[in-house]
Amino acid sequence: MASSNIEAFREALRSSKHIICLAGAGLSAASGIPTFRGAGGMWRKYDAMSLATPTAFRNNPSRVWQFYHYRREKALKAQPNAAHYAIAMLSLPIFRNAIVASDDSTFSLVTQNVDELSRRALRTVQSRLRSQEGTPNLGGSTINNDPSPTELLEIHGSLFDLLCTSGSCRTVEKNYNSPICPALKGTEEIYESNAKLPEPDIPIEDLPRCRVCGSLARPGVVWFGESVPQVYLMHKIAMEADLCIVVGTSSEVYPAAGVAQIVREAGGKVAVFNIDRTAGDENADFLFLGPCEETLPAALG
Ligand code: BJW
Ligand code: ZN
């Protein structure tokens, strides 16, 4: 039976050297980003899961691009919430050292989310820290403030990565434009204001194109059946972890869903933060039921 004793959780945190946090859509729910399963999982009349596949993109790139354009616009307007910031603070050794006994501890955030809100929260706390310490604030540059590959793993990619579909090119570029292309402008409002409006059928030439070779570009996210590029690094971090903090995920999608079990089998502890019961949480050492934007900051102190 999992414990919901905050003091016991804090003791487990204090005695951990390597901590991994696995996050899912529930982490961003309080920022207004819909989840995949349950109430938020519909876009227009489609199940979000049916659009997150290579087949859906092949069959109807116009519809799939409208789905991702809608989500890009939502993510661009959203702000990280208290749970993103609580996790970002753990990433910084100066804060982590106050709650973890080991002074060479590590922390890795593995997020399945593609909204970049964790990246932004981390950048914000880093910038605040730098300005407080009197070191030069490096500003909003994504290059200067990028987390290391083990600090933040965005295992399902990003809404703001644009990937060329041409096998001989495969260019990936960051793109935060709003809208991403003129033809998609305003299509997000079809959902917001009236789902019954006819769906535009945007010609392929007017959808986002690769800047290098001009081929059709696709969102740089990992769809069902595609491999997760960081899977080996994620497994290595999980095998070394003493504590796994699982936040706002249904734990139904692999390989992420296997992380807690890897940690447990290697002798580590698992703490689940979710608004609801989820697959496998009866095996967790700690279970904090409730909105993670409240439970996580409270548990991390
Ligand atoms: C709150 C809250 C609040 C709400 N506070 N909580 C082994 C067994 C069986 C199948 C497989 C397997 N290994 C691989 C597979 C196939 C497949 C898979 O897992 N299928 C399952 C459905 C069974 N996996 C793959 O295909 C992966 N690739 C792979 O493994 O390659 C090798 C391989 C291929 C094929 C066969 C075998 C091996 C790729 C998976 C890619 C998933 N991609 C998506 C879309 C990304 C792009 C996009 O965003 O559009 O990722 S699917 C979607 O699900 C998205 C999410 O990241 C992912 C997980 O969802 P998440 O985050 O858990 O969200 P929800 O909505 O499910 O849950 C939200 C939770 O929050 C809920 O629990 C709420 O209660 C909670 N909540 N508000 C706290 N305020
Ligand atoms: Zn290209």
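## Tyr68 and Arg71

Tyr68 touches Leu159 and Pro219, leaving aside residues up to four places away in sequence. The model is predicted. Tyr68 sits in helix H5, which spans residues 61-77. Tyr68 counts as buried because 22 C-beta neighbours lie inside 10 Å, and the threshold for burial is 20 or more.

Arg71 lies in helix H5 too. Arg71 has 20 other C-beta atoms within 10 Å, so Arg71 is buried. An unreviewed UniProt entry lists Tyr68 and Arg71 under "binding site". That label comes from the record.

## Two domains

The domain assignment splits the chain in two. Domain 1 takes in 1-33, 81-156 and 228-301. Domain 2 takes in 35-77 and 157-221. The centres of domain 1 and domain 2, taken over C-alpha atoms, are 28 Å apart.

The contact between the domains draws on 12 residues from domain 1 and 11 residues from domain 2. The domain 1 side of this contact comprises 4 nonpolar, 5 polar and 3 charged residues.

## The shell around ligand 1

Where does ligand 1 lie with respect to domain 1 and domain 2? Both domains give residues to its shell, so ligand 1 lies between them.

There are 34 residues around ligand 1. Gly24, Gly26, Gln112, Ser250 and Tyr254 come nearest. Helix H2 (26-29) and helix H12 (292-300) are the elements that each give two or more residues to the shell. By class, the shell holds 17 nonpolar, 12 polar and 5 charged residues.

## Strand S4 and its partners

Strand S4 covers residues 106-111. Of its 6 residues, 5 are buried, so S4 is largely enclosed by the rest of the structure.

S4 pairs with strand S1 (residues 18-23) through 6 bridges, and the two run parallel. In this pairing, Ser108 of S4 stands opposite Ile20. S4 also pairs with strand S5, residues 152-154. That pairing is parallel as well, with 3 bridges. Here Thr111 stands opposite Glu154 of S5.

## Strand S9 and its partners

Strand S9 runs over residues 243-247. It is mostly covered, with 5 of its 5 residues buried. Which residues of S9 point one way, and which the other way? Leu243, Ile245 and Val247 point one way. Cys244 and Val246 point the other way. Every one of these residues is buried. In a regular strand, side chains alternate between the two faces of the sheet.

S9 and S1 are joined by 5 bridges in the parallel sense. The bridge partner of Ile20 in S9 is Cys244. Ile20 thus has a second link: it stands opposite Ser108 in S4 and is partnered by Cys244 in S9. S9 also pairs with strand S10 (residues 269-274), again parallel and over 5 bridges. In that pairing, Val246 of S9 stands opposite Val272 of S10.

## The sheet, strand by strand

The pairings can be followed from one strand to the next. S5 joins S4, and S4 joins S1. S1 then joins S9, and S9 joins S10. Each link is parallel.

Terms used. Residues are numbered from 1 along each chain as its sequence is written. Chains are lettered from A and ligands numbered from 1 in the order in which they are written. This is a predicted model: local features need pLDDT of at least 70, side-chain atom pairs count only at pLDDT 80 or more; totals for chains, interfaces and linings use all residues. Domain bounds come from an automatic or database domain assignment. Two residues are in contact if their C-beta atoms, placed from the backbone, lie within 7 Å. Ala, Val, Leu, Ile, Met, Phe, Trp, Tyr, Cys and Pro count as nonpolar, Asp, Glu, Lys and Arg as charged, and the others, Gly among them, as polar. A residue is buried if 20 or more other C-beta atoms lie within 10 Å of its own, exposed if 12 or fewer, and partly exposed in between; C-beta atoms are placed from the backbone. Helices (H or I, at least four residues) and strands (E, at least two) are DSSP runs, numbered from the N terminus. Two strands pair if DSSP finds at least two bridges between them. UniProt positions are given in the numbering used here, feature names are shortened, and annotations may be inferred rather than shown by experiment. A residue is near a molecule or strand if its C-beta atom, placed from the backbone, lies within 6 Å of it.
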